[in-house]
Structures are given as C-alpha cells and as structure tokens.
Amino acid sequence: MIGITLFIVRSAAKTRRENMINHSKKLRLILGDQLNATHPWFKEVDDNCLYVIAELHQETSYVTHHQQKIQAFFAAMAAFANVLKEAGHRVLHLTLDETKQYKDLPDMLTNLLENNVQHFEYQQPDEYRLSQQLTLFCEKITSKNMSFSCVDSHHFFLPHHELTEHFKVDTSHRMEFFYRYMRKRFNVLVDDDNKPEGGKWNYDQQNRNKLKKKDIASIPAPLVFSHNVSEINDRLARHQVKTIGQGDSTLLWPINRQESLQLLDFFCRYLLPSFGTFQDAMTCNGDDVVTQKQWSLYHSRVSFSLNSKMLSPTLVVDTVLKHYQCNDAISIAQAEGFIRQILGWREFIRGMYWINMPQYQNKNSLKAKNNLPSWFWNGDTKMNCLHHAINQSLQYSYAHHIQRLMITGNFCLLTGIEPAQVDQWYLGIYVDAIEWVELPNTRGMSQFADGGLIASKAYAASGNYVNKMSDYCQSCHYNVKEKTSENACPLNSLYWHFMDKHSELFESNPRQAMVYRNWRKQTEEQRQATLAKAQDYLRNLDTL
Ligand code: FAD
Ligand code: SF4
C-alpha cells in the first residue's frame, strides 16, 4: 500500500514537473553557489521563465566532501528555491532522487530543454570546471537553433570581464598593490585625496597577538544555527554519497540570507572589536577535544554565506564600515584587517584563479610527491597542533585561516606532499571550499606550487611559530624546544630540511636571507644531525 501511494505521489510530481517545463519558453539555471536573491534576474517575475536548481550527483562526487558541506549547500538551495517561489517565480527544485537518472549537468539540461524551451540562460560560474561544461553545452544547443546567454553573477566587486585588465597569466602579482587599487576604486577607508584613512594602508603588524589564558575566558561563544537535515542525510545514504567528517541531523551553518545577516551582525557587534588583534591566534586551552569556544575565536565564519552568494561582499564591507563608524571599540586596525580579507584577498585570489586556469591546477614548482599521511582523515596524530586543527575541521567543517595556512598547510609544505592530494583534502573538508578560492590558496599561497605567483615567500614555519601563536605545544607529545632529540618537535627539523632543500630558490629572497644566515651559522655536524632527523620523520610520516 505504502509502495502504491509513493508511486502515485511520485507520478504526480513528475507530471507537475513536465507541465512546468512544457509551459516555459526560457530556462534559467541556478548553480548551488549562486543563491543571490539580489541578482537582476529576480527583479521581475517572468511567467515564461522557469528557474532550475538541482542537487546533482556530479557535484557530490567530484571530490569527497565533508558531510556538513553537502548538508549546508543542499539545505541552502532548498531554502533559496522556496524564497523564489514565495516571490512569485516559477522554480523547479530537483533533489538527488529526481536527478539520479542524469549522467551529469549537461545531460540533465538536455532532457529539460527537450520540451518547449527556446532560450537557456546561466550565470557565469565561479569554477572553471562548470564554466567549461556549460560553454560546451551551449555550443551544442546553438546547433539545435536554441539561443543561450551567460550573464555576470553580480557578486564580486570586480565584474568578471574586467579580470584580464588586472591580472596577467603566469605572472607574479602582489595582493597589497591590488588591494590599494581596490580601496581607491571603491572608495573604502580612503580620504578625499585617495589617501588611506588613519595614514596606513595596512595594519597587519597589529594583528599578531597570542591569546593568553585570561583572553580565552572572554571569547564569545559562536552564534550557531540548528537545522534539521535528516532528510538530506537520508538522501545521501540512499544515493551512497561518500562523505568525510561529522555530520549528524542538526546543521549549525546558516542556510538563508536572513541567518547570514544575523551571523554578520553578531560578528560586527561581538567579534570585530578583537578580530584583527587575534586574527592569527590559535588555542586548544589544554583540551584534547575541540570545545565550543575555540573553533572560530574572533573570526566571522561568513565564508560559506559569501561563497554561496547568500551575502554579497559589498554588503559585508558596508556593514563592517557602518559598525566601525558607530562603535569606538572597533579601531581602524580591526576594521581594515577584516576589509582587507574581503576587498583584498578574496578578490585577488579570484583574479589569480581565472587568469591562470586551467594550467594552474597542475602546478608543482617544488616537485612535491609524497603521500598525505592517513591521519589527515581522522586527526590521529601525536602532533598536537595538527591533531587539533584536523579534528576541528572534521567536527565543524571549519578552520580559520592560520590553521589552514600555518598548521595543516605548513606541514604539507615542509613534508613535500603532492599538491593534488593537498587540494583534494582542502576542497573536500571545508564548508566554504569551492575551487576558485581553494585552489590558489592551497597551491599558491600555502604550497608555493605556483613558484611564487601569489605568495612573495614560502609560508614555511618551525615549531617556534606555532608556539608563538598558540598554546598547542604545551600539551604536545613532542618538545617544541628540541630539534634532534627523540621527541623533538617534527616541524623543527622538517623546517630546516625544507629550507636547505630549496635553498637555490629561496636564498636570494631578501625576506628569507636572515633564515639562511642562521642556517649557515650552525656547524656542519649540527646541520647534518638536523637533516638526518628530518629524513627519519619523512620516512615515518604516517606514525608521527
Ligand atoms: P575571516 O577570518 O572572518 O575572514 C573574513 C573573510 O575574508 C572570509 O570569510 C573570506 O571570505 C575572506 N578571506 C580571508 N582570507 C582569504 C583568502 N586567503 N582568500 C579568499 N578569501 C579570504 N577560503 C574560502 O572561502 N574557501 C576555501 O576553500 C579556502 N581554502 C583555503 C585553503 C588554504 C590552504 C588557506 C590558507 C586558506 C583558504 N581559504 C579559503 C581562505 C580563508 O582561510 C577562509 O576564507 C577563512 O578561513 C574563512 O573563515 P571566516 O569566514 O571565519 O574568515
Ligand atoms: Fe606542533 Fe611541534 Fe608544538 Fe607539537 S611541539 S604542537 S608538533 S609545533
């Protein structure tokens, strides 16, 4: 009986779907990271137009994603479809159950367009992979006399067509110069003479404090949401979607614009006053498990809302500016430190991605070829910094920038892990990971695999840096002060091994000259002992 009822319900849904498509002359595709309710598309209701938003197998399987990442995207897509429907638009929201027969996105579109549709439209995808797929698809439909158009996603500060004016392929660019241009161009924190407000373009030097015990007690608990995602979990199980990380039936990430705005407001009120000061700090507060307060500290966690376009970067920057202007507790260093991330880094990374794709995805300038240790997938390592950063990532699908760059990224850099494996890990594990922003950050900034197109130096660090910026070392199996003894911190010898191995590349860099002077000051015997210890650790990466 249940089987028959289910069959009738499904058939009715299928007929409704076919009717919707049959009555549409225009089909507009909304990708999962294009949940931008302020896009010009939605200004007017067009009865001839059908919006399609679909959960697709190709998107759940191009990499192994964190369960919370898929939950967050699917839940946000469903919520967006409802918002559009309530505004009077005609929307076809398809779940994995309804798209399972399609091989991929073009296959689904081919099927949907077979009816009365005469015109197909899509927004410029942020990922090269999808852009290519849709370009090829459109070439095919034009030969069938169907028209198509691709429009800007109206999300970023810089329109897509302008990127070639600011970035050159295979050429080093520095974020700082680009950022100054953006500040002037968009009139952000500049005076009437286009000079930086407060006299300095960059307050990075003031953003390097460690969290002391007394600071930890006053970190506000993060604002989290509580969405029931058991239906999504059932779907993932039904379709055997492989995932990583923890993902129970309650999702804490925002899934609509209203919640994203709440998160931004919470950040501006309670976190922004200390954002810059503790931007690079990390803590485990002596705990083995990740506690509520430690995982996002004073960071905004708006990356998922931004990357899915529920929030626009312009709105985020304007909101931060408003709070800065009204709240004396927010200094220029805090406001500038945050705005630099959005107006500077985020836009810069996007430009570098688009100008250098597709060759960028194969870059491996340091010829790194080791395998990622198996404990990257479960956090089971004696190195407390990595144990903590990885466990946190598995638990929350989140790590802040310095954890990504200077803990997991630094380890992969020092140990020469093959960049493709590093990319797979970063692209899968974080709720905000979309290739356009993950790839240049990972290959470029973190792994120096692009030979310095993005970073002016390799972000390599010994245990000393970790100890300076965190309390991780205090409860570690290894001794951060030691280099060659039995329990010496692995990062110490691995750091010198890395610098020694790549001395030809880095020794002439003025930013690293001092490092090499210190290395050469050591006796030959000391250097050999350090290199031997590093070799030993490199042979045993899986058991560190
Ligand atoms: P906050 O610290 O509060 O910063 C505010 C916002 O600034 C972020 O939400 C983000 O939109 C932007 N931002 C900050 N730094 C960067 C940056 N380097 N590049 C682009 N935007 C930046 N960010 C992603 O959005 N997706 C990724 O897949 C991603 N992968 C990364 C991989 C590595 C190896 C590294 C080093 C960094 C990566 N980042 C990525 C950048 C950054 O770590 C995250 O944007 C940030 O941690 C998100 O948390 P938040 O929103 O709390 O950020
Ligand atoms: Fe990490 Fe070394 Fe500190 Fe342990 S001692 S937490 S391995 S930096």
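## Phe498 and the nonpolar cores

In this predicted model, Phe498 touches Leu366, Leu413, Leu414, Ala458, Ala460 and Phe506, leaving out residues up to four places away in sequence. Phe498 also belongs to the largest nonpolar core, which has 155 residues. Phe498 is among the residues with the most contacts inside that core, together with Ile30, Phe338, Phe376, Leu386 and Phe411. The element that gives the most to this core is α14, with 13 residues.

There is also a second, separate core, made of 24 residues. Leu27, Leu94, Tyr102 and Leu113 are included in this second core. In soluble globular proteins, nonpolar side chains tend to be buried together.

## The surroundings of ligand 1

Around ligand 1 there are 30 residues, and those that come nearest are His299, Ser300, Arg301, Asn307 and Tyr398. Sorted by class, this shell has 15 nonpolar, ten polar and five charged residues.

Oxygen atoms of ligand 1 take part in several polar contacts. An N or O atom in the side chain of His299 is 2.7 Å from an oxygen atom of the ligand. For His401, a polar side-chain atom lies 3.0 Å from an oxygen atom of ligand 1. With Val302 the backbone is involved: one of its N or O atoms lies 3.1 Å from an oxygen atom of ligand 1. On its own, ligand 1 has 810 Å² of accessible area, and the protein covers 99% of this. Two or more residues of the shell come from each of α12 (303–307), α14 (332–356), α16 (401–414) and α18 (435–446).

## His89

His89 sits in the loop between α3 (67–86) and β4 (90–94). The relative accessible area of His89 is 7%, and because the limit for buried is under 20%, His89 counts as buried.

Apart from residues up to four places away in sequence, His89 touches Phe42, Glu44, Val45, Tyr51 and Leu84. With Phe42 there is a polar contact: the side chain of His89 reaches the backbone oxygen of Phe42 at 3.4 Å.

## Arg174

Arg174 is also in a loop, between α7 (163–166) and α8 (175–185). Its relative accessibility is 28%; partly exposed covers values between 20% and 50%, so Arg174 counts as partly exposed.

Neighbours within four places in sequence aside, Arg174 is in contact with Phe348, Gly452, Leu453, Ile454, Ala455 and Ser456. A polar atom of the Arg174 side chain lies 3.2 Å from the backbone oxygen of Ile454. Measuring from C-alpha to C-alpha, Arg174 and Ala237 are 45 Å apart in space, and they are 63 residues apart in sequence.

Conventions
Residues numbered from 1 in each chain as written. Chains lettered and ligands numbered in written order. Predicted model: local features only at pLDDT ≥ 70, side-chain atom pairs only at ≥ 80, totals over all residues. Heavy atoms only, no water. Near = heavy atom within 4 Å. Polar contact = N/O pair within 3.5 Å; in protein donor to acceptor, adjacent residues only side chain to side chain. Areas by Shrake-Rupley, 256 points an atom, 1.4 Å probe, with all protein chains shown as cover. Helix = DSSP H or I, 4+ residues; strand = E, 2+ residues; numbered from the N terminus. Nonpolar A, V, L, I, M, F, W, Y, C, P; charged D, E, K, R; others polar. Core = buried A, V, L, I, M, F, W, Y, C linked by side-chain atoms within 4.5 Å. Buried < 20%, exposed > 50% of the residue type's maximum accessible area, 1.4 Å probe, protein only. Contact = heavy atoms within 4.5 Å.
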